[in-house]
Amino acid sequence: MVSHNHTNATVRPKGLSDKKKTALAGYLFISPFFLLFAIFGAFPMLFSFYLAFQKWNGFGEMTFVGVKNFSLIFTDPLFWKSIYNTIVIGLLGTGPQLIAALILAVALNSAMVKFKSVFRVAYFVPNVTSIVAVAIVFTVLFSEQEAGLVNATLSLFGISPVSWQTSEWGAKIAIATMIFWRWVGYNSIIFLAGLQSIPKDLYEAAEIDGAKKWQQFLFITVPMLKPIIVFVVFTATIGSLQIFAEPLIFGSGFREESMTIVLYLWREAFSNNAFGTASATAVSLFLLIIVFTTINFFASNRLDKSGK
Amino acid sequence: MMKKRALMLLLAVVFMFATACSNQSQSENESKDKGSSEKVKLNMWVFGSTGYEKLAEEYMKDHPNVEIKIQSTQFDDHHNALFTALSAGSGAPDIAMIEVNNIERYREAQDRFYNLYDFGAKNIKDKYLDWKWRIGESADGSFLFGLPTDIGPTAMFYRADVFEAAGLPTDPAEVAKLIPDWNAYAEVAATIKEKTGKPIADNVELVYNALRDQAPVQYFNEKEELLIEKEPYIKQAYDYTVSLIQKGYLGSNGLWTPEWGNAMEKGSYATLLAPAWMQGVVKGNAPNSAGKWLITNMPGGAGNWGGSYLTIPKESKHPQEAYDFIQWLVAPEQQLKSFKDMGLFPSAPSVYDAPEFKDYKDEYFGGVNTAQVFAEAAQKVKTVYMGKNYGLVQGEIIKALTNVQKKKADPEKEWEEAIKRIKRQLERQ
């Protein structure tokens, strides 16, 4: 308690101007965030850069190993496979999803649909459902057995049962479907917000000029939505590089068909107690995300310019 | 100026935060020290339903100076929380329960635990099954991590109706005679497949595990050297499982999946090679199959799956009191109570002679004295060193077997790939 009074006295000298007092209060108000962020955000991030050059089993002494952790993971075919998997699952999960989300949003925005708020809530529900619960339900749907719901449905069309958990494409499609289901509603709500900010008179003018509905969509809706589309693609890219819980629960025991980068990292750290290589994976993922975001950034910039 | 002030303020807040933390821990220590003359508080972490709360009450009645607080968490959360606490060096309880496979993770963290040999654990060693005790020790046997609680000796569960349909005997003693070893098991598998079209077992993993557990050495020796290339046993277990897969004698349900559970009720396979605690799982999954599932000896010997230890992390301020309590808790008398109340299978063989054990009968399993079957199995389990990377090797071998079954992959190539993957991961530790 003594130290408490003392520190207070040193930082609050008399005769502070009102302006400075307000500023002080402001800093005090925002300090909880920065403190918590420093402890639970910044420190672990910086520490994982440090750990990437150490060998550590979670207990005991760390030993400096230089870039050995990186050479170990870069020579591991499974690491590259996990990057490939992440990108493929990401594309499968987000590509069709964004198109579907846009179509849903346009449909919801049209005057014909009733009970709009009900639909909006319904779209959003998957996103607030626990990932673990989703993954467990999908594991049952995508059961490997012939009697599994998806396999049974496919057999109606004469398609033979798929090994959803152990085959190369089965596992990826199943996980991508989970991502699709979870995020399509979320993204269509964002698209919807964008659609509602497009001035109505543009459409009226187009109609007078004789533009058809699909022409209006292509030449008014899509260009006007560009900032929203860029935002959604950004977040979806970063999100899909971090796919983790779905393959962890769906794929049985770190199989290579469903191994993603974050799952690889997780296996290293929490299953194999190799925190050095886990951190090296984290650093590699960090660089990868920077590369992808930069590509996105330049692509959207060029899109912007060509639009003008 | 503004910036400087702000920075100072930030530092001051951090400082306050830090002093607040240290003050708190100081006062905590003080109260703990004071408490030792009056009342000792012991925090205990367990997982699952152990029924230890009831026993702790009993203990506290006789030891009014001890207060025991038990916190029970789900299996994975429990072990992860414990790992984090031990790694961070703060937050661990006075007594921690650790499951047999998870104890391997702590082999390198010996300095985070009290050596229970320092408290006189040598004196009670003879009360427990030797193989069980050995797993709780360090590789050289000088350090004891934990005292043994329950175990999971394995036996053969089988569907009497499937055996009958295949024209085979159904009485447990006769079935044991019919299938004394693994060659006989494969022959029976052929008969059952031919007569009923059903697989002998539902799943690859449990058959492989049963064979693995009967090997004199498994994946590692005490020096943590990988043995599976030098010693023939694990490869033999692998090859045997592969031969059953290729003849179509094994089903492909993943452990713990809903289909796996349903198959227990439907009786779509003949045998389940499983530990004592699986009795509860079978009853839960197949409530209408009473009398159809019976239990007899496993071909070729027995194994162990599951069971735990009670450890005292080094952070505990009251290791002596903690030791006194866990020594009481795992004593044969209390193990018998845990068996009767919660079905925890005792690791102290003297319990097997108790009248409650001798006259035990389970109507669900056709009135068989299942306790006796598992007790016999418990005494046949081999003493084996598992090693800290046990789970990693197990995972890769199961992956290879799954590929042989589901992808019709070449078993030799899969075996080599598995060894490559294992070595790649071992390098990093």
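Leaving aside its neighbours within four places in sequence, which residues is B:Phe157 in contact with? Here is a friendly walk through this predicted model, starting with that residue.

1. **Around B:Phe157.** Beyond its neighbours within four places in sequence, B:Phe157 is in contact with B:Thr271, B:Leu272, B:Ala274, B:Met278, B:Val282, B:Trp293 and B:Ile295. You may like to pick these residues out on screen before moving on to the core.

2. **The largest nonpolar core.** This core has 78 residues, and B:Phe157 is one of those that touch the most other members, together with B:Ile200, B:Val207, B:Leu273 and B:Phe374. Helix H16 of chain B, residues 390-406, gives the most to the core, with 8 residues. Both domain 1 and domain 2 of chain B give residues to the core, so it lies between them. As general background, nonpolar side chains tend to be buried together in soluble globular proteins.

3. **A separate core.** Apart from the core just described lies another, made of 49 residues. Its members include A:Ala101, A:Val134, A:Ala174 and A:Leu265.

4. **The two domains of chain B.** Each domain is built from two stretches of sequence: domain 1 takes 38-151 and 307-355, while domain 2 takes 154-304 and 372-426. Taken over C-alpha atoms, the centres of these domains of chain B are separated by 30 Å. Where they meet, 17 residues of domain 1 of chain B are in contact with 18 residues of domain 2 of chain B. On the domain 1 side, helix H4 of chain B (residues 130-135) gives the most, with 4 residues.

5. **Chain B as a whole.** The secondary structure of chain B comes to 17 helices and 8 strands. Its C-alpha trace spans about 85 × 55 × 40 Å along the principal axes. Of the 429 residues of chain B, 44% count as buried. Among contacts in chain B between residues at least 6 apart in sequence, 75% join residues at least 24 apart.

6. **Helix H7 of chain B, and its two faces.** H7(B) runs over residues 182-196; these 15 residues reach 20 Å from the first C-alpha to the last, close to the 21 Å expected at 1.5 Å a residue. Its buried residues are B:Tyr185, B:Val188, B:Ala189, B:Ile192 and B:Thr196. Why are they on the same side of H7(B)? They cover an arc of only 110 degrees around the axis, which puts them there. An α-helix has 3.6 residues a turn, so residues three or four places apart point the same way. The face turned away from the buried side carries the exposed residues B:Asn183, B:Glu187 and B:Glu194.

7. **What surrounds H7(B), and what follows.** The cover over the buried residues of H7(B) includes three helices of chain B: H5 (160-165), H6 (172-178) and H9 (233-246). After H7(B) comes B:Gly197, whose phi is positive, near 75 degrees.

8. **Turning to chain A.** The domain assignment gives domain 1 (16-46) and domain 2 (70-307) of chain A, and the C-alpha centres of these domains lie 35 Å apart. An unreviewed UniProt entry places the feature "transmembrane region" at residues 24-53, 83-109, 121-142, 173-195, 216-245 and 274-299 of chain A. In the model, residues 173-195 of chain A are 100% helix and 0% strand, with end C-alpha atoms 30 Å apart. Residues 216-245 of chain A are 87% helix and 0% strand, and the end C-alpha atoms of that span lie 40 Å apart.

Terms used. Residues numbered from 1 in each chain as written. Chains lettered and ligands numbered in written order. Predicted model: local features only at pLDDT ≥ 70, side-chain atom pairs only at ≥ 80, totals over all residues. Expected span 1.5 Å × (residues − 1). Buried ≥ 20, exposed ≤ 12 C-beta atoms within 10 Å, placed from the backbone. Arc of directions from axis to C-beta. Contact = placed C-beta atoms within 7 Å. Core = buried A, V, L, I, M, F, W, Y, C linked by C-beta atoms within 7 Å. Domains from an automatic or database assignment. UniProt positions renumbered as here; feature names shortened; annotations may be inferred.
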